[in-house]
Amino acid sequence: MVHILLSTYNGEKYICEQLESIFSQTYREFKLYIRDDGSTDSTVKKINQYLTRFPEYAARTQWIPNEKHENLGYMMSFWKLLESASGADYYAFCDQDDVWLPEKVERGINALEKEHRENSSANSYSGQPLLYFSNFYQCNEDLSEKKEGPVYSGNIKFENVLFYTPAFGFTILINENLRRLALGNFDHTGLPHDGWVQKVAAAFGKIIYDPTCTAYYRRHDSAVTANNANKLSLIKNWIQNEIFGDSMRETHYVLEHFYQVYGSRVKEEEKKLLEVYAMRSKGLAVWWRRIWFKEVLRPSVGGRMALRICFLLGKY
């Protein structure tokens, strides 16, 4: 059984199209959990109207109550969903304005179950947290233009997810072992759900990548044109977010929290990495180690150079 976790907020424009793609999945053993994060438009009304038209879909859907009409933000809304929608073998994160291709869930389940079969007899498998993610099509608003997302090669290790999140949330499926370990018993405020489960899977289990595109990722029209994907645009965003913005501080907060929660349980290699990048030490040795890091902390040369500059300027 798969539980699909859908968080909505002012998504009236495309929510029905997303619902249609969910209920058109070739894999049928799923239940849809929805939590609305305090929408002020007709999102909830449109979902209810859709489910009224299709009673067979309504029977496979459950609302997570938000009686106070709270707006928690996307991170805490997904944490609420993950906490509330227990009892499945697998869990899939779902955004409100994308479109899933019919075999999206089935491909993820097949990959996770294949990993389970191949390792179930091995002592190393005992309760292994698993995460699957796929490639996707990046599209404009009406889905008339599309291009494939980034392709990854090789195993994704813990060092690869410290300062980078290869998996987009809507492409992720996780197993129950990963859900339990990621939830734990601690405050999740300020912790992106998708980045967190990737770090936990890389540290304690395995991340499985599927290069097949399984969804349309809808973005603003200008975001998918060639002119907006140039290097100048990337440099501008890096300066705004990492040099003058809060991006690096937010990353440090997540790693510091990860070390506090799991530091005593990770392998020695991962612990040493966390001691370098999660601690608040201002010592020269740590500063020097960060600048001249040897790990593949980001996939591109430009991304790693940008990270070195942030370390050099003390923006972390």
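The following legends describe close-up views of a predicted model.

**View 1. Helix α4 and the elements that surround its buried residues.**
Helix α4 spans residues 74–84, and its buried residues are S77, F78, W79, L81 and L82. These buried residues pack against four strands and helices listed here by element: β1 (2–8), β2 (30–36), β4 (90–94) and β8 (173–175) among the strands, with α6 (176–183) and α7 (193–204) as the helices. An α-helix has 3.6 residues a turn, so residues three or four places apart point the same way. In α4, S77 and L81 are both buried, as are F78 and L82.

**View 2. M75 of helix α4 and its contacts.**
M75 belongs to helix α4. M75 counts as partly exposed because its relative accessibility is 23%, and buried residues must lie under 20%. Leaving aside neighbours within four places in sequence, M75 is in contact with G190, L191, P192 and H193. One of these contacts, L191, is 116 residues from M75 in sequence, yet the two C-alpha atoms are 6.9 Å apart in space.

**View 3. R179 of helix α6 and the backbone of E83.**
R179 is located in helix α6. With a relative accessible area of 7%, R179 is therefore classed as buried, the limit being under 20%. A polar atom of the R179 side chain lies 3.3 Å from the backbone oxygen of E83. When neighbours within four places in sequence are set aside, the residues in contact with R179 are L82, E83, A85, S86, Y91 and I174. Among them, L82 is also one of the buried residues of helix α4.

**View 4. The paired strands β1 and β2.**
Strands β1 and β2 run in the parallel sense and pair over 7 bridges. Within this pairing, I4 stands opposite L32 of β2. Strand β2 is mostly covered, with 6 of its 7 residues buried. Both β1 and β2 are among the elements against which the buried residues of helix α4 pack.

**View 5. K31 of strand β2.**
K31 has its place in strand β2. K31 counts as partly exposed because its relative accessibility is 25%, while buried residues lie under 20%. Apart from neighbours within four places in sequence, K31 is in contact with M1, V2, H3, I4, R60 and Q62. Among these, I4 is the residue that stands opposite L32 in β2. K31 is separated from Y132 by 101 residues in sequence and by 19 Å in space, C-alpha to C-alpha.

**View 6. E115 of helix α5.**
Helix α5 covers residues 104–119 and includes E115. The relative accessible area of E115 is 8%, and the residue is therefore buried. Not counting residues up to four places away in sequence, E115 touches Q128, L130, K206 and I208.

**View 7. The largest cavity and its lining.**
By the rule applied, the model holds 1 cavity of 30 Å³ or more. The largest cavity encloses about 40 Å³ of space. Its lining consists of F133, S134, N135, F136, P150, Y152, P166, A167, F168, T171 and Y209. Strand β6 (residues 130–139) supplies the largest share of that lining, 4 residues. By class, the lining has 8 nonpolar, 3 polar and no charged residues.

**View 8. The second largest pocket.**
The second largest pocket holds about 220 Å³ of space. Its lining comprises 14 residues, of which Y152, S153, N160, V296 and P299 are the closest to its centre. By class, 9 of the lining residues are nonpolar, 4 are polar and 1 is charged. Y152, named here, is also among the residues that line the largest cavity.

**View 9. Two loop residues with positive phi.**
Most residues other than glycine have a negative phi. H69, which is not a glycine, has a positive phi of about 55°. H69 is found in the loop between β3 (61–63) and α4. At 47% relative accessibility, H69 counts as partly exposed, since exposed requires over 50%. L143 is likewise a residue other than glycine with a positive phi, near 65°. The position of L143 is in the loop between β6 and β7 (146–148).

Note on methods. Residues are numbered from 1 along each chain as its sequence is written. This is a predicted model: local features need pLDDT of at least 70, side-chain atom pairs count only at pLDDT 80 or more; totals for chains, interfaces and linings use all residues. Side-chain values use heavy atoms; hydrogens and water are left out. Buried means under 20% relative accessible area, exposed over 50%, partly exposed in between (1.4 Å probe, protein chains only). Contact means heavy atoms within 4.5 Å. A polar contact is a pair of N or O atoms within 3.5 Å; within protein, one must be able to donate a hydrogen and the other to accept it, and residues adjacent in sequence count only if both atoms are side-chain atoms. On a 1 Å grid over the protein atoms alone, a cavity is a set of points where a 1.4 Å probe fits but cannot get out, and a pocket is an open set with protein on both sides within 12 Å along at least five of seven lines; lining residues have an atom within 4 Å of a point. Grid points are joined across faces, edges and corners, and a volume is the space filled by probe spheres set on the points. Ala, Val, Leu, Ile, Met, Phe, Trp, Tyr, Cys and Pro count as nonpolar, Asp, Glu, Lys and Arg as charged, and the others, Gly among them, as polar. Two strands pair if DSSP finds at least two bridges between them.
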